[in-house]
Amino acid sequence: MNTKSKLLTGNEAIARGAWEAGVTVAAAYPGTPSTEILESLSTYDQVYAQWSVNEKVALEIASGASMEGARTLVAMKHVGLNVAADPFMTLAYTGVGGGLVIVTADDPAMHSSQNEQDNRYYALMAKVPLLEPSDSQEAKQYVIEAFRLSEKYDTPVLLRTTTRVSHSKSEVELLPRLDRIKPEYAKDSSKYVMIPGYGRPRRTNLINRWNRLAAHAENSPLHYIYRPACSQAPEVGMVTSGISYQYAREVFTGIDILKLGITCPLPQKLIQGFARGKKLLLVAEELEPFLEDQIKALGLGVEVAGKQYFPQQGELSLAIMKEAYTQLFGSRGQSPFSPAPQEVPSRPPVLCAGCSHRPVFYVLHKLKVRVMGDIGCYSLAVLPPLNAMDSLLCMGAGVGQALGMEKANPDIKGKVVSVIGDSTFFHSGITSLVDSVYNQGTGVIIILDNRTTAMTGHQANPGMGSTLQKEQVPVVLPEKIAEAAGVKNIQVVDPYQLEQLEKVIKKELARDELSVIVCRQECVLLKKEGIQERFFIDQAVCRDCGVCLKFGCPAIQVRKGKYLIDGIMCTSCGVCPSLCKFGAIKREGR
């Protein structure tokens, strides 16, 4: 490797590409698999990068910066584009000032998501160009090209990655930053103010722009045709894009492959030319038949197949490709790929030892209340032994769901709570809190404040007093927001104080008006102090009742029939002694 290249993940390469393209403003809400884009971009000089409270706000900030002439990047995971869909759809009408690129990181197989939607359809619906890189070098290259397209055609551009592109590393050529002069802001109400009188001609402009983009896509240098030196099946061709191309190249080594760099608008003439003389066109893509359906609609006069061989859910893999290859060609030609046996032991997810969320869900399970949940690591409370979550829909939904249940069935008063993390509260819980106040909800909202955005890797949020770029800022406290919204009953408790926690929850459940309980304790993974006290189970006192196991702490174990505490895993949170009514769990030295 020469000195002008570096191994980068796809996310790091996107950040590098944005910096090289001259980006000066970037915004995001952290979400796997996109989180590292902003974390990496924040380390570059000349770039202002921020965590926004949600993706909609991030895109709105980017829009304003773009109007001011700045090149701007927004990053989000796939479901984040649902949150940002409102400004996104109209941004396609207004167009941009400086180039504006939106990274949507899709998550096939739902490694860390509540669904596996295919965001390529957003590009089609909004008539916005969509680029799909297949490795880190392309990720960087495509970002730069996306900014060029954005400014040339006055449009936001979607860059779609998937988990494997986002987190895999490959060599990336490093180039200097573009020396770009930011254009002056020029007021243009007919372009940026979308009242109906201005919006209608912008719709016409959008369609005309789409036609010009379609012509551009036909001759884009981002497309590539791989032709093997010795074709095993000249009558067969494959069309693919993104990470699917990498899998196809390893298995379908003997057939022509058309790799698309711009997948929306679809380069129809390019595909028609590629299909000429072939009998079968295979379309390899993850998730929905986005390309396949559009290619079938072209009426190419050849058989087009895709989901017949490749699944509509989850990630593609070399093993799936091999199976498809065997179905198609049998013994004709041999793919060099042989899947390695995969014997990885299963390891079920669990809340960390010492997690401050566990006592809350332990109490809620004990009280047998309905728990309307939210997105975060505390969603693991749905699993045994806690089994303490009834719903998880999307960020901010649990608070509204609890109010809806209460309105539908007043008899459940005192039997339903909603839980939401601190970061998710800032993301979209504030609006549902205000709605509950306004509509006279009487439930209990529990805010699990662990002083960070833990689920995506401890990113800063407004409650922490620091920004993405480590600047010290005022702390925004959820209880102050609740107070300002008009909530009268607000309690801030330490969830490690189990008896007090249960007492407070019971008290607030018994009220006839809305309550907010902030359970505040720093995420155990951020605690800087070491083990303060060691705990053990006194075998002479233990009755083997197993109640301590119902707490679900991985440090409490049974080995050879004996209950004990693993001293390596224990974080000395001090909760477990209050679990045992026989007093068998003790502090060392006492």
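**Group meeting: a helix, a pocket and two glutamates**

In helix α12, which runs over residues 268–275, the residues I271, F274 and A275 are buried. They sit on the same side of α12, because they cover an arc of only 95 degrees around its axis. Before I go on, please keep in mind that this is a predicted model.

What lies over these buried residues of α12? The elements that cover them include the strands β9 (224–226), β10 (236–241), β11 (256–260) and β13 (280–284), and also the helix α13 (290–296). If you follow the chain just past the end of α12, you come to G277, which takes a positive phi of about 85 degrees.

Let me turn now to the largest pocket, whose volume is about 590 Å³. Its lining is made up of 27 residues, and those that lie nearest the centre of the pocket are K77, S112, S113, Q114 and I375. Which helix gives the largest share of this lining? That is α4, residues 78–83, from which 4 of the lining residues come. When we sort the lining of the largest pocket by residue type, we find 12 nonpolar residues, 13 polar ones and 2 charged ones.

I would like to finish with two glutamates, and I begin with E20, which has its place in helix α1, residues 10–20. Is E20 buried or exposed? With a relative accessibility of 3%, E20 counts as buried, because the cut-off for buried is under 20%. The side chain of E20 is joined to the side chain of K140 by a polar contact of 2.9 Å. If we leave aside residues up to four places away in sequence, E20 touches K140, I144, E173, L174, L175, P176, R177 and L178, so when you look at E20 in the structure, please look for these residues as well.

The second glutamate is E171, which lies in strand β8, residues 169–173. At 40% relative accessibility, E171 counts as partly exposed, since that class lies between the limits of 20% and 50%. Where does the side chain of E171 make a polar contact? Its partner is the side chain of S5, at 2.6 Å. Please also look at E171 together with A13: these two residues are 158 residues apart along the chain, and their C-alpha atoms are separated by 9.4 Å.

To go back over the two glutamates once more, E20 counts as buried at 3% relative accessibility, whereas E171 counts as partly exposed at 40%.

Notes: Residues are numbered from 1 along each chain as its sequence is written. This is a predicted model: local features need pLDDT of at least 70, side-chain atom pairs count only at pLDDT 80 or more; totals for chains, interfaces and linings use all residues. Side-chain values use heavy atoms; hydrogens and water are left out. Buried means under 20% relative accessible area, exposed over 50%, partly exposed in between (1.4 Å probe, protein chains only). The arc is that of the directions from the helix axis to the C-beta atoms. Contact means heavy atoms within 4.5 Å. On a 1 Å grid over the protein atoms alone, a cavity is a set of points where a 1.4 Å probe fits but cannot get out, and a pocket is an open set with protein on both sides within 12 Å along at least five of seven lines; lining residues have an atom within 4 Å of a point. Grid points are joined across faces, edges and corners, and a volume is the space filled by probe spheres set on the points. Ala, Val, Leu, Ile, Met, Phe, Trp, Tyr, Cys and Pro count as nonpolar, Asp, Glu, Lys and Arg as charged, and the others, Gly among them, as polar. A polar contact is a pair of N or O atoms within 3.5 Å; within protein, one must be able to donate a hydrogen and the other to accept it, and residues adjacent in sequence count only if both atoms are side-chain atoms.
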